[in-house]
Amino acid sequence: MDDPALWFEAACLGLLQGLTEFLPVSSSAHLRIAGLFLGSGKDPGAAFTAITQIGTEAAVLLYFRHDIARIAWAWLRSFRPGPQGKPGDVRMGWLVLLGTVPIVVLGLAFQHAIEHSLRNLYFTASTLLIFGVALGLADRFGAKVRKLEQLSLGHGLVLGLAQAMALIPGVSRSGGTITAGLVLGYTREAAARYSFLLAVPAVLGSGFYQLWKSWGQAGGIGLGPTLLATLIAFVVGYGVIVAFLKLVSSRSYLPFVLYRLILASCLFALLATGRIAPMS
């Protein structure tokens with residue numbers, strides 16, 4: 001049986017995953033950093049992060065169940081003769097698939113680096129800082145006039161590339177996609193909603209792959225505690241979706257930008273003073 005301390009650690013990490021996955025602050029960075037200050041004192045690893053993201057994506061499936069079912073059904077019906085679904089839903093299905101290609105290709109091509117060298121905390125601190133500034137500038141100067149229905153194939157691919165940047169802890173899956181959406185002139189809500197839809201196939205695919213690959217393996221945070229973390233991430237993540245979509249419809253991303261800059265500064269300070277090691 002796993003050490004009770006690991007169950008507590010996993011519960012804390014699951015709570016943190018649920019709180020940060022949909023905010024533009026990088027859940028993977030938070031799990032990477034938090035692991036150093038919990039019982040094991042170690043990075044929980046890319047596999048743990050990917051598996052717990054299944055929980056938060058299950059929250060997306062529940063919250064957007066009607067939209068996802070309608071889009072998926074329309075897309076499937078487009079392959080057979082007879083009555084078709086709404087053209088906009090069929091198109092959105094293709095856009096989500098197109099936007100998923102970059103993260104699949106880059107994730108497979110750089111899998112070793114993603115699981116090892118790119119988890120260096122100097123990378124994490126740098127990406128928190130750089131992409132925090134990018135989010136602030138995009139939110140300040142973006143036109144914010146385009147609706148989700150106006151999303152083009154070219155823009156879908158750009159947003160997919162932005163999502164793929166989140167393979168590096170500190171970028172943020174939602175933050176990267178939202179930043180690119182704002183740069184392209186989409187409203188805050190449109191960029192946020194598309195980031196949720198776009199993440200579903202990539203995150204679920206990565207999570208279940210890591211779950212299959214790590215099944216029965218010893219070491220790190222065990223399977224039982226990992227599944228507990230995933231359940232907690234699901235429950236907390238659902239509440240965050242509801243609150244976040246209400247927030248972005250009327251408020252700027254400035255609080256998240258400032259938070260990223262402060263977190264990056266603290267992380268650089270801890271690294272510079274030797275309080276934590278870059279590859280702990």
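## Close-up views of helix packing in a predicted model

**View 1. Burial along helix H1.** Within H1, the residues that are buried are Leu6, Glu9, Ala10, Leu13, Gly14, Gln17, Gly18 and Thr20. The structure shown here and in the other views is a predicted model. The buried residues of H1 find their packing partners in H2, H3 and H11. Helix H1 covers residues 4-20, and its 17 residues should span 24 Å at 1.5 Å a residue, which agrees with the 25 Å that separates its end C-alpha atoms.

**View 2. The two sides of helix H12.** Helix H12 is formed by residues 254-272, and its 19 residues reach 27 Å from the first C-alpha to the last, close to the 27 Å expected at 1.5 Å a residue. Phe256, Val257, Arg260, Leu263, Ala264, Leu267 and Leu271 are the buried residues of this helix. Because these buried residues cover an arc of only 130° around the axis, they lie on the same side of H12. An α-helix has 3.6 residues a turn, so residues three or four places apart point the same way. On the other side of H12, the exposed residues are Pro255, Ile262 and Ala272.

**View 3. Surroundings and end of helix H12.** The buried residues of H12 pack against three helices, namely H2 (27-34), H7 (121-141) and H11 (223-248). Just after H12, the chain arrives at glycine 274, which takes a positive phi of about 80°.

**View 4. The crossing of helices H3 and H10.** Helix H3 (residues 46-63) packs with helix H10 (residues 188-214) at an angle of about 140°, and the two axes are 7 Å apart. H3 and H10 are therefore oblique to each other, and H3 passes H10 in a left-handed crossing. On the H3 side, the residues that meet H10 are Ala47, Ala50, Ile51, Gln53, Ile54, Glu57, Val60 and Leu61. Their counterparts in H10 are Phe196, Ala199, Val200, Val203, Leu204, Ser206, Gly207, Phe208, Gln210, Leu211 and Ser214.

**View 5. The crossing of helices H5 and H8.** Helix H5 (residues 87-109) and helix H8 (residues 153-164) pack with an angle of about 35° between them, their axes being 8 Å apart, and the crossing that H5 and H8 make is right-handed. From H5, the residues Leu95, Leu98, Gly99, Pro102, Ile103 and Leu106 meet a set in H8 that consists of Leu153, Gly156, Leu157, Gly160, Leu161, Gln163 and Ala164.

Notes:
Residues numbered from 1 in each chain as written. Predicted model: local features only at pLDDT ≥ 70, side-chain atom pairs only at ≥ 80, totals over all residues. Heavy atoms only, no water. Helix = DSSP H or I, 4+ residues; strand = E, 2+ residues; numbered from the N terminus. Expected span 1.5 Å × (residues − 1). Buried < 20%, exposed > 50% of the residue type's maximum accessible area, 1.4 Å probe, protein only. Arc of directions from axis to C-beta. Contact = heavy atoms within 4.5 Å. Axes fitted to C-alpha atoms, helices over the stretch in contact; angles between N-to-C directions. Parallel < 35°, antiparallel > 145°, perpendicular 65-115°, else oblique. Left-handed = near helix turned anticlockwise from the far one by under 90°.
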